[in-house]
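These questions and answers go through a few local features of one protein chain. Each answer closes on the value or name asked for.

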Amino acid sequence: MVKITETLLRKRAEHNNLEISTLEEVSLHQQDVERIEHIDKWCRDLKILYLQSNLIPRIENVGRLKKLEYLNLALNNIERIENLEGCESLQKLDLTVNFIGELTSIQCLQGLIHFQELFLTGNPCTEYDGYRDYVIATLPKLKRLDGTEVEKSERIQALQRLEELTSTILEQQEEYRGKRERERKEAEVTTESRNEKGKGSRWYTDMNQSSETDVADDGKHLEQESSTKEDDEKFWQEKVAYTPESRIAVHEHMQKQKNKDKKDESKPKPREVRLKTDDGRILNVNQAKMDFSLRDDEDENRFVLEVGCYKHLDTELIDVDVQPMHVKVAIKGKILQLVLAEEVRPDSSIAKRSQTTGHLLVTMPKVKEIITCKKSHLPDSVRRGESEKAKEKNGSQRTFLEVEPSKNNDVDLMIVDKAKPRPPGMKQPIREKPVSDEFVDDPDVPPLV
């Protein structure tokens, strides 16, 4: 429900420097206003007032507007004309497409000496026999009715038939009053049935429920949304009479839709999780926000993935999918996907959970085997003993250089082991010949270099 407040009036008084005390014209159309209030106290100088396309059920709180000349109340829920005797300057009244069935209520306009124009098009009273003649005869100063000028001859004939027209109008008013009572009762029954149906299909959520219940409630929520769409289509396809009650029901239904749309807009939209690129390349994704470690065990020639799942998480909520080049783990519908550096064997992969921590361990053997030497499984003490024995064995075969003074002086010191052949390409050292006894050293001869 929208109320007429000072803030709303100032917002609509921008053309008057936001002053409402001296305001002469204001438009409050299409504001979903359900009651006229405060205007006669805050805007005493008002001359033109627009209140069309609202949900106003009756005319009230305008009797103090002595300067009011034009009042527009088209497309509202007004059922009778009242409380306008104090609008001394009123010249034009627009009540198009309302629910005025009590035509005799126009008598409250007889004392308005400046009143000239009235619009009642689209009201139930316009279907009464003698409607136009009765209005013309009741309001002798009226110049235009429903956009058509009132001629003098038409007024004279209407005044002559006034008593007859009055009795006819009263009978038709009584019939319409009975019809309106039936419509009100039918509207009450329809409203109650809708409320009961809404209570029966209401969806409740327990904040303390387990994860299994959360998954089940997601399905219920989808069913609730589908049923809401069906109810919405059924509401708009339902045929009902055009009454104030049906108009209010349509307004309330539209208001609920607007509020729902606002809530949906205020909620952050979940980001779309992409598992592949447009060209088919696998992406690394951690939608579950889980701690994990992926290591390459070269000794066993395999990949080992450890995911830090919650200890009390039900194993049925975990799904593991190992592919040749990637591994995907779904935890409560949240995806953890990792790309592998090498191809693995999905049929030989194993997934286990720790009973202590609840962590998930996935081992994935590689397709390409690597040939490695096997490490000795002997103790360190045994291996150290064998190495010492090998050293002793090698030490017993060492040779030493020995020179006897009795042997010839031309001993080749470069050869340690005569049995060992000289390496190819190695030059034989030059031996110095001994000096003979007949050698004479001539000082004139220069030395040979």
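Buried means under 20% relative accessible area, exposed means over 50%, and partly exposed is the range in between. The model is predicted.

Q: Is Met-254 buried, partly exposed or exposed?
A: Met-254 is found in helix α7, residues 244–266. Its relative accessibility is 40%. Since the partly exposed class lies between 20% and 50%, Met-254 counts as partly exposed.

Q: What accessible area does the nonpolar surface patch with Met-254 have?
A: Met-254 forms this patch with Trp-236 and Val-250. A patch takes residues with over 30% relative accessible area, and Met-254 has 40%. Together the three residues have an accessible area of about 280 Å².

Q: What is the geometry of the aromatic pair of Tyr-50 and Tyr-70?
A: A search of the whole structure finds 2 aromatic pairs. In the pair of Tyr-50 and Tyr-70 the centres are 5.7 Å apart and the planes stand at 90°. Planes over 60 degrees apart count as edge-to-face, so this pair is edge-to-face.

Q: How many residues apart in sequence are the parts that Tyr-50 and Tyr-70 tie together?
A: Tyr-50 lies in strand β2 (residues 48–50). Tyr-70 lies in strand β3 (residues 70–72). The pair therefore ties together parts whose separation in sequence is 20 residues.

Q: Which residue lies over the face of Tyr-70, and is Tyr-70 buried or exposed?
A: Tyr-70 has 15% relative accessibility, and therefore counts as buried. Tyr-50, with 22%, is partly exposed. The residue over the face of Tyr-70, at 4.7 Å from the ring centre, is Lys-92.

Q: What class of aromatic pair do Phe-99 and Tyr-242 form?
A: Their ring centres are 5.0 Å apart, with the planes at 35°. Stacked pairs have planes under 30 degrees apart and edge-to-face pairs over 60. The angle falls in neither range, so the pair is tilted.

Q: Where in the chain do Phe-99 and Tyr-242 lie, and how many residues apart are they?
A: Phe-99 is in the loop between β4 (92–94) and β5 (117–119). Tyr-242 is in the loop between α6 (211–237) and α7. Phe-99 is buried at 3% relative accessibility, whereas Tyr-242 is partly exposed at 48%. The pair links distant parts of the chain, with a separation of 143 residues.

Q: Which residue in the hairpin of β9 and β10 takes a positive phi?
A: Strand β9 (residues 292–297) and strand β10 (residues 302–307) pair in the antiparallel sense over 6 bridges. In one of the pairings, Ser-293 has Glu-306 in β10 as its bridge partner. The hairpin has 4 residues between the strands, and the residue with a phi near 55° is Asn-301.

Q: Which residue has its charged end over the ring of Phe-303?
A: A charge sits over a ring only within 6 Å of the ring centre. Here the distance from the centre of the Phe-303 ring is 4.8 Å. The residue is Lys-366.

Q: How many residues of helix α3 are buried?
A: Helix α3 runs over residues 131–138. Among its buried residues are Tyr-131, Tyr-134 and Val-135. The helix is largely enclosed by the rest of the structure because its buried residues number 6 of the 8.

Notes: Residues numbered from 1 in each chain as written. Predicted model: local features only at pLDDT ≥ 70, side-chain atom pairs only at ≥ 80, totals over all residues. Heavy atoms only, no water. Patch = residues over 30% accessible without salt bridge, like charges linked within 9 Å, V, L, I, M, F, W, Y side chains within 5 Å. Areas by Shrake-Rupley, 256 points an atom, 1.4 Å probe, with all protein chains shown as cover. Salt bridge = Lys/Arg side-chain N within 4 Å of Asp/Glu carboxyl O. Helix = DSSP H or I, 4+ residues; strand = E, 2+ residues; numbered from the N terminus. Buried < 20%, exposed > 50% of the residue type's maximum accessible area, 1.4 Å probe, protein only. Phe/Tyr/Trp six-rings, centres within 6.5 Å; stacked < 30°, edge-to-face > 60°. Lys NZ or Arg CZ within 6 Å of the ring centre and 35° of its normal. Pairing = 2+ DSSP bridges.
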